[in-house]
Amino acid sequence: MANHKSAKTRIRRNDKRSVINGMRRSRVRTFVKKVVALIAAGNKEEATTALRVAESEMMRAAQKGVFHKNMASRTISRLAQKIKSL
């Protein structure tokens, strides 16, 4: 158990951030799944618009430190390649 005031504060803060980061991660995964589903359905126009939204969410999460910036860029790039090949 933490004995210092600052350690207790960090524990409380880490718990709050963990919940927020989990929600962000889940939100991004939902948007990416939508894009993947549209690609599988062969719907190029809707997949393109969904990718634009997913890209925004993913890069915002990367800025907040939920995902690594390169991982976000790599995922977006791969999705864009799949859409382009439709």
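**Three helices, starting from K84**

Hi everyone, let's begin with one residue: K84, which sits in helix α3. Please keep in mind that we are looking at a predicted model.

Is K84 buried or exposed? K84 is exposed, because its relative accessible area is 70% and the cut-off for exposed is over 50%. Now find K44 as well. K84 and K44 are 40 residues apart along the chain, yet 8.1 Å separates their C-alpha atoms.

That pair brings us to the two helices they belong to. How do α2 and α3 pack? Their axes lie 10 Å apart, at an angle of about 175 degrees. Angles over 145 degrees count as roughly antiparallel, so that is how α2 and α3 run relative to each other. On the α2 side, the contact is made by K44, A47, T48, L51, E55, M58, M59 and A62. From α3 come K69, A72, S73, T75, I76, L79, A80, I83 and our starting residue, K84. Sorted by class, this contact has 10 nonpolar, three polar and four charged residues.

Now over to α1, which covers residues 5-41. With 37 residues at 1.5 Å a residue, α1 should span 54 Å, and its end C-alpha atoms are indeed 54 Å apart, so the two values agree. Which residues of α1 are buried? They are V28, F31, V32, V35, L38 and I39. What covers them includes both α2, residues 44-64, and α3, residues 69-84.

One last stop: just after α1 comes G42, which takes a positive phi of about 80 degrees.

Thanks for listening, everyone!

Definitions and conventions. Residues numbered from 1 in each chain as written. Predicted model: local features only at pLDDT ≥ 70, side-chain atom pairs only at ≥ 80, totals over all residues. Heavy atoms only, no water. Helix = DSSP H or I, 4+ residues; strand = E, 2+ residues; numbered from the N terminus. Expected span 1.5 Å × (residues − 1). Buried < 20%, exposed > 50% of the residue type's maximum accessible area, 1.4 Å probe, protein only. Contact = heavy atoms within 4.5 Å. Axes fitted to C-alpha atoms, helices over the stretch in contact; angles between N-to-C directions. Parallel < 35°, antiparallel > 145°, perpendicular 65-115°, else oblique. Nonpolar A, V, L, I, M, F, W, Y, C, P; charged D, E, K, R; others polar.
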